[in-house]
Amino acid sequence: LAAPFEDGAPAFRDAWGIVHGSKPHPITACLVDQSFAPAHCCDYIYATEDLAPRIRSIVCDEDTRVSDHQPLLLEIA
């Protein structure tokens with residue numbers, strides 16, 4: 001997903017990296033129930049390069065227990 005497009009369209013960038021730099025992504029899958037797989041990150045939000053300056057925050061709700069994936073919230077101004 002992060003590879004440049006051949007037609008010149010804006011590339012996708014990982015929103016977590018835009019906001020948090022090299023800080024590791026939080027665990028987003030199997031946090032509560034590890035019977036299928038170990039806890040890991042497999043949920044990402046990508047934004048085009050032209051949208052990146054408008055990203056204000058991205059957070060992971062590590063407390064919710066309503067799914068096998070933790071929700072991500074992206075704030076754009």
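## Cysteines without partners

At 10% relative accessibility, C30 falls into the buried class. This comes from a predicted model, so it is worth keeping in mind that every value here is computed from that model. The closest cysteine sulfur to that of C30 belongs to C42, and at 7.1 Å it is too far away for a bond.

C60 tells a similar story. Its relative accessibility is 15%, so C60 also counts as buried. The closest cysteine sulfur to that of C60 sits in C41, 7.7 Å away, and that too is too far for a bond. A disulfide would need two cysteine sulfur atoms within 2.5 Å. If you are counting disulfides in the structure, the number is 0.

## Aromatic pairs

Now to the rings. Searching the whole structure turns up 2 aromatic pairs. In one of them, F5 and F12 have ring centres 5.5 Å apart, and because their planes meet at 70 degrees, the pair is edge-to-face. Angles over 60 degrees are what earn that label. F5 is partly exposed, with a relative accessibility of 39%, and F12 is partly exposed as well, at 27%.

Y44 and Y46 form a pair too, with ring centres 6.4 Å apart. Their planes stand at 45 degrees, so this pair is tilted. The centres still pass the test for pairing, because the cut-off is 6.5 Å. Y44 has a relative accessible area of 41%, which makes this tyrosine partly exposed. Y46, at 32% relative accessibility, is likewise partly exposed.

How values were computed: Residues are numbered from 1 along each chain as its sequence is written. This is a predicted model: local features need pLDDT of at least 70, side-chain atom pairs count only at pLDDT 80 or more; totals for chains, interfaces and linings use all residues. Side-chain values use heavy atoms; hydrogens and water are left out. Buried means under 20% relative accessible area, exposed over 50%, partly exposed in between (1.4 Å probe, protein chains only). Rings of Phe, Tyr and Trp (its six-membered ring) pair if their centres lie within 6.5 Å; planes under 30 degrees apart count as stacked, over 60 as edge-to-face and the rest as tilted.
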